[in-house]
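Q: Could you take a close look at one buried spot in this model and walk me through what surrounds it?

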Amino acid sequence: MSIPVSTVTPNTWEFLRDPMIVPTGFREYDARWQYPEDINLPGVTALGRGLGTQIHRRGLRPAIVVGNDYRSYSLAIKHALTIGLMQAGLKVIDIGPCLSPMAYFAQFHLDISAVAMVTASHNPNGWTGVKMGIDRPLTHGPDEMTELKEIVLKGLGETHTGGSVIFESKIKDAYLSDLIGDFRLSRPLKVVCATGNGTASEFAPELLERIGVEVVTRHTQLDYTFPHYNPNPEALEMLHDMAEMVHSSQADFALGFDGDGDRCGVVDNEGVEIFADKMGVILARDLVKLYPKAQFIADIKSTGLFSFDPVLRASGATIDYWKTGHSHIKKRIQEIGALAGFEKSGHFFFGEPIGRGYDCAMRVAIEICKLMDRNPTISLSDLRKQLPLTYLSPTLSPYCADADKYGVVERLVRKFVRKHRAGEKIAGRSIKNINLVNGARITLDNGAWGLLRASSNTPNLVIVCESPDSETEMREIFAEIDKVIKTERSVGDYDQFFA
C-alpha cells in the first residue's frame, strides 16, 4: 500500500494513524526532519520497516542496535522506529540513551552488523533523524539512502515474523573502557569540557577524569532544553564560551562536543579556536612519528596544509582529499586503509590500530590528550603556531534551490575544467589540478585553492578559498570563482560576505 505522504497533515485524524514523511528528509548520508512538522510517529515506524527490509534484501542477520540522543522526544521516536524494525522481523537490541559512536561501538561489542541511532546531531531542538548503517563501521551513503527512500515512500516495506526487542544496559562502561585502555596521563592537564547540556554530558567529563585530567566543566548538566546554546562546536557561540572558560580557569585547552558526540571542537590555551582540519594536521604531524608514511584523508573543504606541510611531506605521509560527509570518509578509510581522516566540520576518524574507522569525539579527546602527553614541554598553542600560516575564507553559501544546485555545479565545473585545459590562470597563477570528487577543488601552482560544491543538506552552494601566501591572493581567488558562478542566474545572494 502506498504511503499517503501528500495527504496526511498535522492535527488531523489521519496524522495519528497514517505515515507522514517529507521526502527531503532523506539526505545524502543520514535522515533528518523537523518533528512533528515533517514526520509523524507512523512515518518513523515506516522508516524502521524500510530499514529492516534493506537488511533482509542483503541477506544479513536480522538484528540491529538502536539508541537515542538526549532530547525530550527522542525516546518516542526510537520506540516508533523499533516497532517498524520489529514488524520487519528484526531482533532489536536497545542500548538506551547514548552517543552515536557508542552505538557504532556496540555493533562491534555485540557482533551485530546494523545500527540505527535516533539523533538530530548538532541541529537545534525540533529536529530529529536517524544515522543508520548495515555494514559496520559504515553508515548509509547516497546509494543506500536512495534505496531506503524508495522503499519507504513507495510503501515497499516488508513484514516478517520473529521481531523482538531486548534492552542492553552495560554498553556505556564497555565503551568508555575500550576508549581508555591502559592510558593514563603522565603530565598534569587541565581541560575545559563543554557539552552544551547535551548527550555528551553523561560521558565526556567521566572519560577525561578517568585518564587523569583535571576537568573544568562547562554546561555539563543534562538538560534537553539546551538553556545556554545548542551543542554545536562549529558554532562561534559555543567556541567563544569555551575560550572564555579557558582564560578564566587557566586551562591547557578546551574540548567541546556536539549533541550526539561524534564531533569535537578545540580551543587552545590562548583561547584560539583550532578548527578541525588544522587540528587534524597537528595530530597527523605527531602520528607519523609513530606510524611512518601513514596515509590520511581530509574532506574536500579542508586546508591545503595536508598536501604542502613540510613536516608531513618530509615524513612520507600521503593525503587523499575526499568527499565531504561522515559516511563518505568512513567508507574511504576502509577502502584505502588510511590511519585517520579529518573533516573540517569536526568529525575525526581513526582507523586501525587506533580506532575502528568511525567518527567518535570521545576518541578525539583521548588522542589529543595522548598528543599532549607525548609532548610534555609545549602547549597546544605552540603546536598551532608551528603550522605554516594560511589565509582562509569563511565558508560562503549562496542560495541555490535543491532542484537546481547539482545541475548548476555540474555546469560550473565544466567551465573551470575548460579554463584548466586552455591554460588560463586564476589570481595570476597556473591551475595545477582540479579535484572532481565533490564539485571542483581548484589547486594553483603554489598550493592555494578554491572549492565549489553543492551543499549536501541545504539549498546552497559552498565556496571556500585558501592561500598560503596572502589574504589578498585568497580574495582574488574568490573573486574569480565568483565571476564564473555569476554566469548562473539561479544562484542567489551570499548569506554572508567578508569585507
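A: Let's start with the neighbours of Thr 324: leaving aside residues within four places in sequence, Thr 324 is in contact (heavy atoms within 4.5 Å) with Tyr 29, Asp 299, Ile 300, Lys 301, Glu 343, Asn 438 and Arg 453. This is a predicted model, where local features need pLDDT of at least 70 and side-chain atom pairs count only at pLDDT 80 or more, while totals for chains, interfaces and linings use all residues. Residues are numbered from 1 along each chain as its sequence is written, and side-chain values use heavy atoms, with hydrogens and water left out.

One of those neighbours, Asp 299, deserves a second glance: its side chain makes a polar contact with the side chain of Thr 324 at 2.9 Å. Such a contact is a pair of N or O atoms within 3.5 Å; within protein, one must be able to donate a hydrogen and the other to accept it, and residues adjacent in sequence count only if both atoms are side-chain atoms.

As for where Thr 324 sits, look in the loop between strand E13 (318-322) and helix H11 (326-336). Helices (H or I, at least four residues) and strands (E, at least two) are DSSP runs, numbered from the N terminus. Thr 324 has 5% relative accessibility, so it counts as buried, meaning under 20% relative accessible area with a 1.4 Å probe, protein chains only (exposed is over 50%, partly exposed in between). So, to pull it together, Thr 324 is a buried residue in the loop between E13 and H11, with its side chain in polar contact with that of Asp 299.
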